[in-house]
Amino acid sequence: MLKAFIVDDEPLARDELVFLLKRSNQIEIAGEADSVEAAFEKIANLEIDVIFLDIQLADESGMEIAERINEMEFPPLIVFATAFDEYALKAFELNAADYILKPFDEKRVQQTIEKLYRVVANIPLSSRKKSLSHERTEKLAVTVDEKIVLINLNEINYIGSIEGKTVIAADKQKHIVNDPLVMFERKLHHSSILRVHRAYLVNIDAINEIEPWFNSTYNLIMRDGEKVPVSRTYTKELKQLLGF
């Protein structure tokens, strides 16, 4: 059963979501908070799989909280739960697993739960640290136009979140899929695919050059000629891995 934490400063909305999640019998409520600081105090002592996060809170923007969550060593998935649909694109740029609107619809919440299980059900929390291992997955199965396409991992150059869609750029072609970037990060955590930016994962074996950029950041020149940015958050890990 997945463990969820809810951050919302509206008690009635929070109670409604708790009710629907518990009703599914697939989600355990690990905790609740009505403010940012209260949330982080509690989250620090819990092992959770997903945070249901309101975008407009009294003391801080949910978007800013999401950025802080993504910097955690073992970041949980994020589902934005809000009354405002204009933030959807920004939410997916922050690698949200899903985005649900208030008032909550039980069928829509169930769809979210099913998506969460596809992402994390087979990956324990203790195994989510981004690292390389001798355990390699050779192929990646993705759904494209209602077909399942198998992509050789060694043919992938990068996986990026672009305008709300996830793009898998392989040697032969690009595939546009609906699954969030964070799903691929967790699924490929024992492969050569590494996060280098909040919107990009790269195949380190497909990097041809590393180009210094501004403010201690870099651009990666991939073997297909495209450039992928490296944000400051991930620079240290990339340097340690590649030894530069």
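Trp-213 is partly exposed in this predicted model, because its relative accessible area of 48% stays below the level at which a residue counts as exposed, which is over 50%. Phe-214, by contrast, counts as exposed, because its relative accessibility is 51%. The rings of Trp-213 and Phe-214 have their centres 6.0 Å apart and their planes at 50°, and the pair is therefore described as tilted, since that angle is neither under 30 degrees nor over 60.

A pair of aromatic rings is described by the distance of the centres and the angle of the planes. By this rule, three aromatic pairs are counted in the structure. Another of them is formed by Tyr-158 and Tyr-200, whose ring centres lie 5.8 Å apart and whose planes meet at 65°, so that this pair is edge-to-face. Tyr-158 belongs to strand E8, which covers residues 156–162, and Tyr-200 belongs to strand E12, which covers residues 200–203, so the pair links distant parts of the chain, 42 residues apart. Tyr-158 and Tyr-200 are both buried.

From the rings we can turn to the charged side chains. Side chains of opposite charge can pair when their charged atoms come close. How many salt bridges does a search of the whole structure find? The search gives 11 salt bridges, and one of these joins Asp-8 to Lys-102, with 2.7 Å between the closest N and O atoms. Asp-8 sits in the loop between strand E1 (2–7) and helix H1 (11–23), while Lys-102 sits in the loop between strand E5 (98–101) and helix H5 (106–120), and this pair links distant parts of the chain, 94 residues apart. Asp-8 counts as buried, because its relative accessibility is 4%, and Lys-102 counts as buried as well, because its relative accessibility is 15%.

Lys-102 also meets the side chain of Asp-54 in a salt bridge, at 3.3 Å from N to O. Asp-54 lies in the loop between strand E3 (50–53) and helix H3 (62–70), and Lys-102 in the loop between E5 and H5, so this salt bridge ties together parts that are 48 residues apart in sequence. Asp-54 is buried, with a relative accessible area of 3%. Which residues are linked in a network of salt bridges? The network is made up of Asp-8, Glu-10, Asp-54 and Lys-102.

Strand E5 and helix H5 are also connected by a salt bridge, since Arg-108 lies in helix H5 and Asp-98 in strand E5, and the closest N and O atoms of Arg-108 and Asp-98 are 2.8 Å apart. The parts tied together in this way are 10 residues apart in sequence. Is Asp-98 buried or exposed? Asp-98 counts as buried, because its relative accessibility is 3%, whereas Arg-108 is partly exposed, with a relative accessible area of 27%.

Helix H5 contains Gln-111 as well. Gln-111 is partly exposed, with a relative accessible area of 46%. Between Gln-111 and Asp-98 there are 9.5 Å in space, taken from C-alpha to C-alpha, and the two residues are 13 residues apart in sequence.

Conventions. Residues are numbered from 1 along each chain as its sequence is written. This is a predicted model: local features need pLDDT of at least 70, side-chain atom pairs count only at pLDDT 80 or more; totals for chains, interfaces and linings use all residues. Side-chain values use heavy atoms; hydrogens and water are left out. Rings of Phe, Tyr and Trp (its six-membered ring) pair if their centres lie within 6.5 Å; planes under 30 degrees apart count as stacked, over 60 as edge-to-face and the rest as tilted. Helices (H or I, at least four residues) and strands (E, at least two) are DSSP runs, numbered from the N terminus. Buried means under 20% relative accessible area, exposed over 50%, partly exposed in between (1.4 Å probe, protein chains only). A salt bridge is a side-chain nitrogen of Lys or Arg within 4 Å of a carboxyl oxygen of Asp or Glu.
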